[in-house]
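Biologist: I would like to go through this model term by term. Please set each value against its cut-off and then conclude.

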Amino acid sequence: PPCPSSKAKPLRGSSYMRRGVRLSKVMRGCSKILASSAGILAHYEMSEQTERLQYFLSHNWIVSQWHKHLALCFTFNFDMAFWVGIFLGTFFSILTYFDLAPKIRDEEFATHSGFLCRSLMTPVLACTLLFGSNIRSYLGISDPMVFLDKVCIHQTDASEKTQGIAKLGAFLDCSDRMVILYSDVYLQKLWTIYEVANFLSLRSILAMDVVPVQLPIVVFAALPCGYLYTSTLMLLRYHGFTNSLGVMQYIILSLYSTAVILFLRRWAREKMRTKVRLREFDLSTCTCAVEADREIVYSKIADLMRVVHQKSRKAPQAEALEAFNMVVRLKMPQAFDLIIGAVTLRYQHLLFVSLVVSLVQTADYAVLATHTDTHRKVVTYWLQDGVWFFSLWPALLCWAEVLASSFLWIRKYELLWICVCLASIAAPFGMIHQGLVYLESRSADDDRFFGLFVAVTCSTILGTWIFVALRRTLRNYAGQGFHYDRPELKGSDPASQSEAELKHWVDETIDEAHKDLVFAHV
């Protein structure tokens with residue numbers, strides 16, 4: 001394989017240079033340390049000596065502090081929030097099922113239902129997402145060690161700052177993973193391009209996490225929208241306005257879906273622009289916050305290309321930089337597709353949205369299962385909610401992203417296309433809902449319909465899990481074989497001979513990279 005080891009190695013060099021910072025310190029005060037690039041001695045003193053780093057944080061200082069903070073919350077607190085939500089949903093379901101939770105009157109079902117899950121889960125999830133790292137720190141749970149240039153490289157001592165910048169490749173070498181807080185300017189900045197290329201020469205592409213800074217807004221917006229949705233339905237049922245339930249459901253879901261579609265269309269256009277920029281990449285067009293750093297970065301890129309390509313240690317800088325341009329043009333568009341994927345929202349993200357819309361109601365209505373006269377109704381109740389949670393809500397959101405990414409050339413009549421997208425989402429939503437309700441009602445008295453209902457719901461959930469697992473496996477397989485994807489060189493025109501040789505050099509550069517030779521001077 002191109003990378004001799006997927007694990008990070010201890011940082012070589014002087015012990016005082018081996019530094020990292022705890023994630024909770026970076027995210028303290030809504031990540032106020034990410035507000036500007038200006039560093040003071042107190043920032044450097046936040047870091048500590050370390051042998052290895054779990055994460056290398058790569059970002060642009062021009063991006064808003066709040067966008068980056070939400071992206072960090074989304075990256076490092078999402079799993080914790082998701083499992084807290086699953087635990088709370090299960091806990092409240094048990095309390096409600098055994099009549100241990102307080103209830104309110106529900107006129108739609110002519111009975112009493114729980115309300116704790118709908119009232120408490122969303123605020124708890126929001127707090128966990130925003131303050132999960134601080135909660136782990138206060139509980140004494142191990143906090144990951146990360147690299148942040150402003151903290152881990154001395155900013156007030158010019159000599160140590162120069163040494164730290166020179167050893168940036170070594171920091172990458174001792175990092176397990178790289179987290180990229182991606183924005184539209186990320187691939188236009190010289191330092192971040194260098195960090196990405198350096199990391200890909202040392203690690204597999206699967207060790208890189210790209211988080212678009214706008215993506216967390218979609219997931220975070222699901223919290224107030226889901227809270228409004230469930231609370232409104234609860235109040236309407238309590239006061240007996242059952243005829244207005246369907247209308248309110250479609251209004252709230254349509255508003256959230258419109259916002260999601262607008263974001264996804266914007267993101268799809270940004271992906272297209274990014275691919276074009278990568279295919280036409282040139283180092284000379286990249287910007288650098290401090291122009292005096294440009295020659296430093298150029299020399300580091302040239303060193304990188306010389307080191308990983310053993311046969312051309314004495315290649316001139318211009319030739320090494322052109323080889324780097326070719327690496328980015330040939331390999332980075334493929335890498336971008338593998339990392340981002342055609343569908344930006346992962347299954348876990350879709351489940352989280354389903355959690356705040358569907359599971360909170362399921363938990364509070366677990367009491368309905370105790371009022372049924374047969375076990376068959378209990379089974380159909382839980383299966384119907386399960387298929388919505390695990391399969392149908394995620395599928396509808398995924399379908400929304402596919403529609404939003406289509407016909408991007410439409411701008412003048414974009415509002416009309418959004419209406420078409422909403423109708424394309426609402427139509428299957430209504431038909432599937434009515435079909436499940438029909439099967440559930442017929443299952444009470446007919447064994448054939450009961451068997452059909454169980455078969456349809458179980459196979460849908462199982463098929464969703466198989467599809468997600470297969471998609472993840474194929475992505476990992478494609479990522480592992482990423483470096484072996486050699487472009488075909490066609491034609492023997494003498495004018496293109498030098499370019500063909502350069503492409504061959506680029507492929508050899510990636511395939512023969514040895515991590516223990518990279519930045520050996522450190």
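Modeller: Ser-31 is found in helix α2. Keep in mind that this is a predicted model.

Biologist: Why is Ser-31 called buried?

Modeller: Buried means under 20% relative accessible area. Ser-31 has 0%, so Ser-31 counts as buried.

Biologist: What is notable about the phi of Ser-31?

Modeller: Phi of Ser-31 is near 55 degrees, a positive value in a residue other than glycine. Most residues other than glycine have a negative phi. Cys-30 also has a positive phi, of about 55 degrees, and is not a glycine.

Biologist: Where is Cys-30 found?

Modeller: Cys-30 is in helix α2, which covers residues 28-31.

Biologist: Is Cys-30 buried or partly exposed?

Modeller: Partly exposed is the class between 20% and 50%. Cys-30 has a relative accessible area of 28%, so Cys-30 is partly exposed. Cys-458, at 36%, also counts as partly exposed.

Biologist: How do you know that Cys-30 is too far from Cys-73 for a bond?

Modeller: A disulfide needs cysteine sulfur atoms within 2.5 Å. The closest cysteine sulfur to that of Cys-30 is in Cys-73, 7.6 Å away, so the two are too far apart for a bond.

Biologist: How many disulfides does a search of the whole structure find?

Modeller: Zero.

Biologist: And how many salt bridges does a search of the whole structure find?

Modeller: Six. One of them joins the side chains of Arg-52 and Asp-176.

Biologist: What makes Arg-52 and Asp-176 a salt bridge?

Modeller: The cut-off is 4 Å, from a side-chain nitrogen of Lys or Arg to a carboxyl oxygen of Asp or Glu. Arg-52 and Asp-176 meet at 2.1 Å, N to O. The pair links distant parts of the chain, 124 residues apart. Arg-52 is in the loop between β2 (48-49) and β3 (53-58), while Asp-176 is in strand β7 (residues 175-182).

Biologist: Why do Arg-52 and Asp-176 get their accessibility classes?

Modeller: Arg-52 has 38% relative accessibility, so Arg-52 counts as partly exposed. Asp-176 has 19%, which is under the 20% limit, so Asp-176 counts as buried.

Biologist: Which residue forms a salt bridge with Asp-209?

Modeller: Arg-177, with the closest N and O atoms 2.8 Å apart. Arg-177 lies in strand β7 and Asp-209 in strand β8 (residues 208-212), so the pair ties together parts that are 32 residues apart in sequence. Arg-177 is partly exposed at 26%. Asp-209 counts as partly exposed at 24%.

Biologist: What links Glu-270, Arg-273 and Arg-277?

Modeller: A network of salt bridges. Within it, the side chains of Glu-270 and Arg-277 meet at 2.9 Å, N to O. Glu-270 counts as buried at 8%. Arg-277 is partly exposed at 27%.

Biologist: Which members of the largest nonpolar core touch the most other members?

Modeller: Met-208, Phe-324 and Phe-352, out of 130 residues. Beyond four places away in sequence, Met-208 touches residues including Ile-180, Val-196, Phe-199 and Ile-339. In soluble globular proteins, nonpolar side chains tend to be buried together.

Biologist: Why is Asn-325 called buried?

Modeller: Its relative accessible area is 4%, and buried means under 20%, so Asn-325 is buried. Asn-325 sits in helix α13 (residues 317-340). Not counting residues up to four places away, Asn-325 touches Phe-281, Asp-282 and Leu-283.

Biologist: Which residues form a nonpolar patch on the surface?

Modeller: Ile-94, Tyr-97, Phe-98, Leu-100 and Trp-382, with about 520 Å² of accessible area together.

Biologist: What makes Tyr-97 fit for a patch, by accessibility?

Modeller: A patch residue needs over 30% relative accessible area. Tyr-97 has 31%, so Tyr-97 clears that limit and counts as partly exposed. Tyr-97 is found in helix α4 (residues 65-97).

Biologist: Now the totals. How many helices and strands are there?

Modeller: The protein has 18 helices and eight strands. Of its 522 residues, 50% are buried. The protein exposes about 24,300 Å², and carbon and sulfur atoms supply 63% of that area.

Conventions: Residues are numbered from 1 along each chain as its sequence is written. This is a predicted model: local features need pLDDT of at least 70, side-chain atom pairs count only at pLDDT 80 or more; totals for chains, interfaces and linings use all residues. Side-chain values use heavy atoms; hydrogens and water are left out. Patches are made of residues with over 30% relative accessible area and no salt bridge: like charges are joined within 9 Å, nonpolar side chains (Val, Leu, Ile, Met, Phe, Trp, Tyr) within 5 Å. Accessible areas come from the Shrake-Rupley method with a 1.4 Å probe; for residues, only the protein chains shown count as cover. Helices (H or I, at least four residues) and strands (E, at least two) are DSSP runs, numbered from the N terminus. Buried means under 20% relative accessible area, exposed over 50%, partly exposed in between (1.4 Å probe, protein chains only). A nonpolar core is a set of buried Ala, Val, Leu, Ile, Met, Phe, Trp, Tyr and Cys residues joined through side-chain atoms within 4.5 Å. Contact means heavy atoms within 4.5 Å.
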